[in-house]
Amino acid sequence: METLTATNKDWWKASADQLPQIIHEPPGPVSKQMHANTEKYMRGLSGQVKLFPVCFEEGHGISLTDSDGNRYLDFSSGIYVTSLGHCHSKISSAISHWANRLMNMHDFTTPVKEKLLEKLVGVLPAGLNSVQLFSDGATAVEAGIRAARAITGKHEFISCFRDFHGKTMAAVSCGQMIRGDVHSYGPTRAPGFYMVPRPDPYRPLWTTPDGTLDTDAYIRFYEQFIQESTVGNLAAFVLEPAQGWAGSIFPPDDFFPKLRALCDQKGVLLFDDEVLAGMGRTGEWLTLNHWDVVPDIVTFGKSFGNGFPVTALVVKEEYADALDKISGSSSYGGNPMACAAALASLEVIEEENLLENARYVGEKMMARMRRMKDSHPIIGDVKGKGFLLGIELVKDKQTKEPFDKAGQLVYQKAFRKGLAWIPAGHILRMSPPLIMDEHFAMLGLDIIEESIYEVEKEFGYH
């Protein structure tokens, strides 16, 4: 098997020189034509593409280049995916090696799969060591739901308002099914799936006398909901540790420890969907590590292979038989190229100290964002850990009325200035590659703050 050496952690800096660099106002003429040609056939495009139809040709490190020669600073990582930078040489070489040697052998053991499983279990909390590999997040979530049923013999699930878990039937039923950018996911939620409010410190449903969010009130409501709304066959709580699609929303620090205790009391599994937030994005291998909580089931993907389609379902050792009961294997899951990408990605995170970098730079970004909040009338809240960050725009800080139009305009203005990133209605989402240093992080925030100021002027705030 090919042995790959560690890389220089500054490998990306040469290609980041003079970022961003706008030659033609984007989207430029070539991008417009290519997008128009593609749109004749491709339907169901994401909201970010509809708002800014650029055609990208090349990426390296933290830079992206479009078909008109414009170079952008990447603040999206594809959409939380290329977290270790575009075209990382170690990862690309690992994929290439197996693409030229052995591309797929279903679920037979391969040397690179053996090494990946050992490495993966080594970075996860003790006891999480029973694994199955897949090629996309929704498939992993679906398998996790089937595993929860096999483990418990129960069939009901509770998830939270504005969580997102995928676009297949059970995964969709764990999320919001009426969305502004989606006409309809179906006529009804799948039987046995329920949703409850989730603690949002900026928009709490229940508060203590001093006005802060009352986590205990949420937990009491969950107890009552289980008693009154389910039929007593609850298999699992399914949650994102931090909500991505909803706008980088983190619960208060006491939420997950208290939810873990409730699950233990009720004999319910805690299913942690880390497809978006895991593998270093928040400065920890798993985001639940921030609260010293170990789930019974965890799924992860996106960053796992740094862009190569590979995801995983992991359950506690005592539940390992469930993966046999559900016949967990898939056609593409765990193929040698996918295993090579995932293994190289885990090694890169360690070799380049990217968990530490995400924590350090993320704290610097949060400090800057707090200052922005104090000086901008339409910034209602800022939130985040590591490189999972959000800025919430409101029409008025007292009423907290969401300002969707401002979010759209800020997104478009910043993109024209050379910042490639992700919209989320009135919440501006940021997910830079974990390799990004403080200089480029502040440069990205400079572009965002300038765009916010311009939008404020247009709406008469200045």
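**Exercise 1. Placing Thr215 in the predicted model**

Thr215 belongs to helix α8, in a structure that is a predicted model. Determine whether Thr215 is buried or exposed, and identify which residues Thr215 contacts beyond its neighbours within four places in sequence.

*Solution.*
Step 1. The relative accessibility of Thr215 is 3%. Buried means under 20%, so Thr215 counts as buried.
Step 2. With neighbours within four places in sequence set aside, Thr215 touches Pro252, Asp254, Phe255 and Lys258.
Step 3. With Asp254 there is also a polar contact, made side chain to side chain at 2.8 Å.

**Exercise 2. The salt bridges of Lys258**

Name the residues with which Lys258 forms salt bridges, and state which parts of the chain the pair with Asp216 ties together.

*Solution.*
Step 1. As a general principle, side chains of opposite charge can pair when their charged atoms come close.
Step 2. Lys258 and Asp216 form a salt bridge in which the closest N and O atoms are 2.9 Å apart. Asp216 is located in helix α8 (residues 215-229) and Lys258 in helix α9 (residues 255-266), so this pair links parts separated by 42 residues in sequence.
Step 3. Lys258 also meets Asp254 in a salt bridge, with an N to O distance of 3.1 Å.
Step 4. Relative accessibility is 34% for Asp216, 29% for Lys258 and 30% for Asp254. Asp216 is therefore partly exposed, as are Lys258 and Asp254.

**Exercise 3. A salt-bridge network**

Which residues are linked with Lys373 and Asp381 in a network of salt bridges? Compare the burial classes of Lys373 and Asp381.

*Solution.*
Step 1. The network comprises Arg203, Lys373, Asp381, Lys383 and Glu392.
Step 2. Within it, the side chains of Lys373 and Asp381 form a salt bridge at 3.9 Å, N to O. The cut-off is 4 Å, so the pair qualifies.
Step 3. Lys373 has a relative accessible area of 28% and is partly exposed, whereas Asp381, at 14%, is buried.
Step 4. For the model as a whole, the count is 24 salt bridges.

**Exercise 4. The surroundings of Gly244**

Locate Gly244 relative to β7 and α9, and decide whether Gly244 is buried or exposed.

*Solution.*
Step 1. Gly244 sits in the loop between β7 (234-239) and α9.
Step 2. Its relative accessibility is 0%, and Gly244 therefore counts as buried.
Step 3. Apart from neighbours within four places in sequence, Gly244 is in contact with Tyr80, Leu276 and Arg429.
Step 4. Val275 is 31 residues away from Gly244 along the chain, and their C-alpha atoms are 9.9 Å apart.

**Exercise 5. Reading the sheet**

Give the strand order of the open sheet of seven strands, and explain why one side of β4 and of β6 is left without a neighbour in the sheet.

*Solution.*
Step 1. The order is β4-β10-β9-β8-β7-β5-β6, and the pairing is mixed.
Step 2. β4 (128-134) and β6 (193-196) are at the edges and have a single partner strand each, so one side of each lacks a neighbour in the sheet.
Step 3. From one strand to the next, the twist averages 20 degrees.
Step 4. Inside the sheet, β9 (residues 297-300) and β10 (residues 311-316) run antiparallel and are joined by four bridges. Val298 has Val314 in β10 as its bridge partner.
Step 5. Helix α5 (residues 111-123) packs on the sheet and touches β4 and β9. The directions of α5 and β4 make an angle of about 130 degrees.

Key:
Residues are numbered from 1 along each chain as its sequence is written. This is a predicted model: local features need pLDDT of at least 70, side-chain atom pairs count only at pLDDT 80 or more; totals for chains, interfaces and linings use all residues. Side-chain values use heavy atoms; hydrogens and water are left out. Helices (H or I, at least four residues) and strands (E, at least two) are DSSP runs, numbered from the N terminus. Buried means under 20% relative accessible area, exposed over 50%, partly exposed in between (1.4 Å probe, protein chains only). A polar contact is a pair of N or O atoms within 3.5 Å; within protein, one must be able to donate a hydrogen and the other to accept it, and residues adjacent in sequence count only if both atoms are side-chain atoms. Contact means heavy atoms within 4.5 Å. Two strands pair if DSSP finds at least two bridges between them. Axes are lines fitted to C-alpha atoms, for helices over the stretch in contact, and angles run from 0 to 180 degrees between N-to-C directions.
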